[in-house]
Amino acid sequence: MNTLQARIEAHIDTLSTFTATPGQGTTRLTYSQEDKLARNYIKEKMKQYGLEVREDGLGNIFGKLAGTLQDAPSVLIGSHFDSVPNGGSYDGPAGVVAGLEVAALFAEHNLKPTYPLELIALVEEEGSRFGGGLMGSRGITGLITDNEFKALRDQNGITTTEAMTEIGLNPSLPKKREPNTIKAYLELHIEQGPILEATQFPIGVVETIVGLTQFEITVEGQAGHAGTTPMDRRADALVTAAQMIAQLPSLAIAEGEGTVITTGRLTVFPNGANVIPKKTVFTVDIRSGKEEHIQHVINKLNMLIDSYSTNDIKITAVQQLYMQPKVMNPEIVSLFKQTSEQLAIEYCSINSGAGHDAMVFADVTAVGMLFIPSKNGLSHCPEEWSDSSDIARAVEILYETAKKLTETNGG
Ligand code: GLV
Ligand code: MN
Ligand code: MN
């Protein structure tokens, strides 16, 4: 194992210890104590690699290597460092670690870029704490306003601002960043699917990212006694939710072309074994490479909601996220491909079925993404694993690409 690979493994292993569920995968919710420990590690490494560190009013971390050109826009490189509940060690951190190691190579070779190189570690990509997801990148690009940000609460009613303050972050710092301060955004991510492993390519150059939307559906009925309330006198919020959820897969299957739909979270109130559920809240996540399929499924979801709404059952839907499918920047895509060829690294083109911060940045700057294989195609679970030698290959490609984009000579 070379030193680059050893450093990558050390970063991944250390970051994986910052979990609220030791032994049961990575659970690192945004602005939690585990977030604080991971951010301290990332900031410390950024400083060690000669970067100037700052955090914004969302808690995103930036590590900047200044350019020689005054007021020039930065080439951003990074990913997110939050996780899903009981997730893995690579979804997000692989990209942050790759960015760190690109910066380390700039430092090792004493490179002075013309345009700044800026490592970025983003918060709340998964939406596991405040819902919706992609919060760090949506805040930077102005898709979430200050007021919308302040209004977000977690499942315990804690606001973003309260949670930030709790770990010593300053929510009054600026959040939005002017697009003219960004020259490009590069992200390495694990594939989270089976294609690269099956085809034995160590690198996937991402061409497109699926469109996606997420809803939170609330079903309200009437609580009552489980033993004394006759079956024909119930307004059971869980039975209604279950009937609706059972119909969702058929909505995606009818669209085809890889359209998918998922209910990943269901909360029952008051959640007592002998109480008829008064309220249920569940999520619906819809994705497709074609926006028209997403629109069709949304229409059918609304029809489903109407058909289950009665005088006794009230159903409301809040759309928490809507992102169109995105195409990666063709020049960066070809730079990645040329660089891979020069380095004799085999690659294939690939489309992303997962959402990524890159899709948000694609609205304001030139964006490129690389994928590396995921063992058994698994992600969002403790078994998630990728090979550090693949991360090292991606670092080499990103390093060469970042040198070209920052117009750096030498190295
Ligand atoms: C992020 O992992 C997503 O695709 O939801
Ligand atoms: Mn994820
Ligand atoms: Mn991710």
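**Ligand 1 and the manganese site**

In this model, an oxygen atom of ligand 1 is placed 3.1 Å from an N or O atom in the His 380 side chain, a polar contact being a pair of N or O atoms within 3.5 Å; within protein, one must be able to donate a hydrogen and the other to accept it, and residues adjacent in sequence count only if both atoms are side-chain atoms. The protein covers 88% of the 190 Å² of accessible area that ligand 1 has on its own (Shrake-Rupley method, 1.4 Å probe).

The model is predicted: local features need pLDDT of at least 70, side-chain atom pairs count only at pLDDT 80 or more, and totals for chains, interfaces and linings use all residues. Residues are numbered from 1 along each chain as written, chains are lettered from A and ligands numbered from 1 in the order written, and side-chain values use heavy atoms, without hydrogens and water.

Two further contacts involve ligand 1. A polar side-chain atom of Arg 287 lies 2.6 Å from a ligand oxygen, and a polar backbone atom of Gly 355 is 2.7 Å from an oxygen of ligand 1.

I turn now to the metal. Asp 91 (OD), Glu 126 (OE, listed twice) and His 380 (NE2) coordinate the manganese ion, ligand 2, at 2.0 to 2.6 Å; donors are N, O and S atoms within 2.8 Å of the metal (3.2 Å for Na, K and Ca), and sites may look incomplete because water is not among the atoms. Asp 91 also bridges ligand 2 and the manganese ion ligand 3, 3.5 Å apart.

Glu 126 is buried at 16% relative accessible area, whereas His 380, at 41%, is partly exposed (buried is under 20%, exposed over 50%, partly exposed in between; 1.4 Å probe, protein chains only).
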